[in-house]
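Reader: I would like to learn how to read a model of this kind with some care, one feature at a time. Could we take the whole chain before the details?

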Amino acid sequence: MFCSRMSAWLVGVSLLLRGVLTMQDGCAQGELSSQCEDAESVLLQRPRNYDVAQDEEREMLDIIRSSFAGVDGGGSYLEENRHVDESWRKCGMVDWSVGRELAKASAAAMKNRKDLGLDDFCTEGTENEWDDTCHALRGVVLAMKRLAHRFPQGPKFHNAFVVDYGKYNSWRDGSVGEVNWTARPPAAAVLDASGILGYATCSIIRTVMTQSPRQYGAGVCSYMAPLAVIMEKAPAKALEMAVRLLWTGKLTPQLPAPCDYVYDRQPGLVPFKDNGSWTPAAAADVYSSETVGCTGNAVDCSKAGGAPPQPVGLAYMWEAAAVSIGEVAHGASCQGRRINGLTYPGLSSDQLARNTNDQSGTPASMLYFCNELIDPRGKSCKLHFNNQACGGMPIPLCREFMSAFMPVQYMDKIREFWGPIPDEVTYKMLNAAPGHLSGDDLEQALQSLEPGYLTGWDEVWKDMSLESRQAAEKILTKMGRSVGGWPLLAGLASFVIAPLSKIDIAANMPSATPENLQAACRARVALLHVDSTPLNGLDMAKIIGAPYTGEKPFYGLTSGVDAETKKQMQTVLGGLPSLSNMLEPHGSCNHAVYLSRCDEANDQYYMWSWGSLYNVTKAMLLGTPAEGHAAANTGMICAVITADKLTWADADLEAL
């Protein structure tokens, strides 16, 4: 699978970058001077009614579109080039401190061409000579050059590429001030945002071409999965989107911008431990007594050992923008507490828990970003799950509960409202035994709620704007209308009904059906809400030489076996990470993955996670019925999100 025309590309890049500007150099001379003059003559002319924010963004988009003008499709990549890549380490092997940083990005690409598979990539005269990815690679460099010339203030998301993890840091001398390691988190003043452009170019190209956007120790898998989709199915467009995100700060031109505080964060300065030593070494004295927290699930944290606590570079830009945009697009304010803060050594347990909560995606957030990032033109994304997993919760309300995007700021208020209400009053409100709740029961139950508690709803919103409250109530009311009665309270009740009635879907118990899996395999794109432990179990089985390869469901290993056999299994598996979970009756969904492809005839299903592809079986995915549950099974899947097409908001283009 791929394109091959890289020799010509490398020559072209070398020419492009031979005189590419730094802030002092201005635009390159020679062969490319006419391009610079064209850009200058057209783009430097500002009308009198120039709006700095809007018109600069429009100019940036024009430059990016023209630089990627040859990209008419999604492009392709070298399958053998796919590997878990630490771009922060690889690009940190280049000394960016002196010279022309974009020219160094070209040199870095040439130096690493073997590692990246670039020797055979885009070679002139091959059948893949005109692959869109080959055009896009040139477009990245050309766009960076033109944008740096036109906008000396540098890119919006420059702080995402202020990184001090490699042999060398990521910036040109004089462009970033001294790092304050005593600050929590560490910080440095950026004096010239263009000073990170060489490193950013290297990092973006490596991340896309190795298919390895990684979440590290952050619980941002639901935001990484759509990025993995675009990188695999349309790497050329992923490169363009990365440049656009870097400079404009927006995931797409149509989506709102994230909160401004997102741009100020510098994840690449947060220290971490690798083989017992601190990286960066300069932080060792300050953080010697601290521990590094993790906001992902247990498997995320185990995968992130010896690595940064959160993404840097492209992956950080993407997840940080998405988390914030999900809030802003649904009416939440950028005022008040700042969500999804950086995780750094010494962070309090309360703040770690808050970061974990802020980052956690849901099937609803996955559905929203599928429609906004995977098929923004067709909005074809659909949510699939087992209706039987709703228990007695009315199916219409259950479906609304599963698909309604609720910003974390609003969830904070819902929890604050329900918190003081005693359990007995809540049960009285439900007015139905778990598993036997109908629409009529719900209406009657809501009317039985003691009026004194309803006044608390006004209280919890006092520190937020009326607009935010109205936006939250709009979401809740839409949910509640599915069952009639009092819509706002019905919507509120859904967040209490689910956990109290212990229905399988709310408890994140895998419960997907063969029909759900078939829908995923037939779709153009499929995202899965899954249990991550079986994936790590496969890794552990390989490490210790265990014979498990997925021929049976991962969970419920002791189901139906005699006591003596069960005891033997517990003795063998009891102390093994992840594999000991095979003794549990079922799993719990805590992860989002991209289903790359299905080979149903050979019982092989490939899913992307943690920057790698995992091969699982149907038995692992769907399992067998879990004992004592109406819908739960011993499989891995809770929900499926499918898209019929892969499109772009700013182009009449569909990836094949």
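Reader: To begin with the overall picture, what percentage of the 656 residues of the protein count as buried?

Author: This is a predicted model, and in it 59% of the 656 residues count as buried. The protein has 27 helices and 10 strands, and its accessible surface comes to about 25600 Å², with 50% of that area belonging to carbon and sulfur atoms.

Reader: Among contacts between residues at least 6 apart in sequence, what percentage join residues at least 24 apart?

Author: That percentage is 78%, taken over the contacts between residues at least 6 apart in sequence. We shall come to individual pairs of this kind later.

Reader: Where is the confidence of the prediction lowest, and where is it highest?

Author: The average comes before the extremes: the mean pLDDT of the protein is 82, and 77% of the residues score at least 70. Confidence is lowest in helix α1, residues 6-17, where the mean is 34, whereas helix α24, residues 514-522, has the highest value, 98. Over residues 1-51 the pLDDT is below 50, although the model gives this stretch 124 contacts beyond near neighbours in sequence. A second stretch, residues 431-437, also stays under 50, and for it the model has 16 contacts beyond four places in sequence.

Reader: How should I read the packing of two helices, and at roughly what angle do the axes of α9 and α10 cross?

Author: Two packed helices are described by the angle between their axes and by the distance between those axes. Here the axes of helix α9 (residues 221-233) and helix α10 (residues 235-248) come within 5 Å and cross at roughly 125 degrees. An angle between 115 and 145 degrees falls outside the perpendicular and antiparallel ranges, and α9 and α10 are therefore oblique to each other.

Reader: Which residues of α9 and α10 meet?

Author: From α9 come Ile230, Met231, Glu232 and Lys233, and they meet Pro235, Ala238 and Met241 of α10. By class, the residues of this contact divide into 5 nonpolar, no polar and 2 charged.

Reader: In helix α15, how many of its 12 residues are buried?

Author: An α-helix has 3.6 residues a turn, so residues three or four places apart point the same way. In helix α15, residues 363-374, 12 of the 12 residues are buried. The buried residues include Ser365, Asn371 and Glu372, as well as Leu367, Phe369 and Ile374.

Reader: Turning to the backbone, which peptide bond to Pro185 is cis, and where is Pro185 found?

Author: The bond from Arg184 to Pro185 is cis, with omega near 0 degrees, and Pro185 is found in the loop between α7 (132-150) and α8 (197-209). Another cis peptide bond joins Thr279 and Pro280, with omega about -5 degrees, and Pro280 has its place in the loop between β2 (277-279) and α11 (284-287).

Reader: Asn275 has a positive phi although it is not a glycine; is this residue buried or exposed?

Author: Asn275, whose phi is about 55 degrees, lies in the loop between β1 (272-274) and β2, and it is exposed, with a relative accessible area of 77%. Asn340 also has a positive phi of about 55 degrees without being a glycine, and it lies in the loop between α13 (313-328) and α14 (349-359). Asn340, however, counts as buried, at 5% relative accessibility.

Reader: How far apart in space are Val593 and Met607, C-alpha to C-alpha?

Author: They are 6.3 Å apart in space and 14 residues apart in sequence. Val593 is found in strand β5, residues 591-599, and counts as buried, at 0% relative accessibility. Beyond its neighbours within four places in sequence, Val593 is in contact with several residues, among them Ala225, Leu528, Leu535, Met607 and Trp608.

Reader: And how many residues apart in sequence are Leu383 and Ala639?

Author: Leu383 and Ala639 are 256 residues apart in sequence, yet their C-alpha atoms are 7.1 Å apart in space. Leu383 has its place in strand β3, residues 382-384, and counts as buried at 10% relative accessibility. Its contacts beyond four places in sequence include Pro363 and Leu367, two residues that also appear among the buried residues of α15, together with Ala639, Val640 and Ile641.

Technical notes
Residues numbered from 1 in each chain as written. Predicted model: local features only at pLDDT ≥ 70, side-chain atom pairs only at ≥ 80, totals over all residues. Heavy atoms only, no water. Helix = DSSP H or I, 4+ residues; strand = E, 2+ residues; numbered from the N terminus. Buried < 20%, exposed > 50% of the residue type's maximum accessible area, 1.4 Å probe, protein only. Contact = heavy atoms within 4.5 Å. Areas by Shrake-Rupley, 256 points an atom, 1.4 Å probe, with all protein chains shown as cover. pLDDT = per-residue confidence, 0-100. Axes fitted to C-alpha atoms, helices over the stretch in contact; angles between N-to-C directions. Parallel < 35°, antiparallel > 145°, perpendicular 65-115°, else oblique. Nonpolar A, V, L, I, M, F, W, Y, C, P; charged D, E, K, R; others polar.
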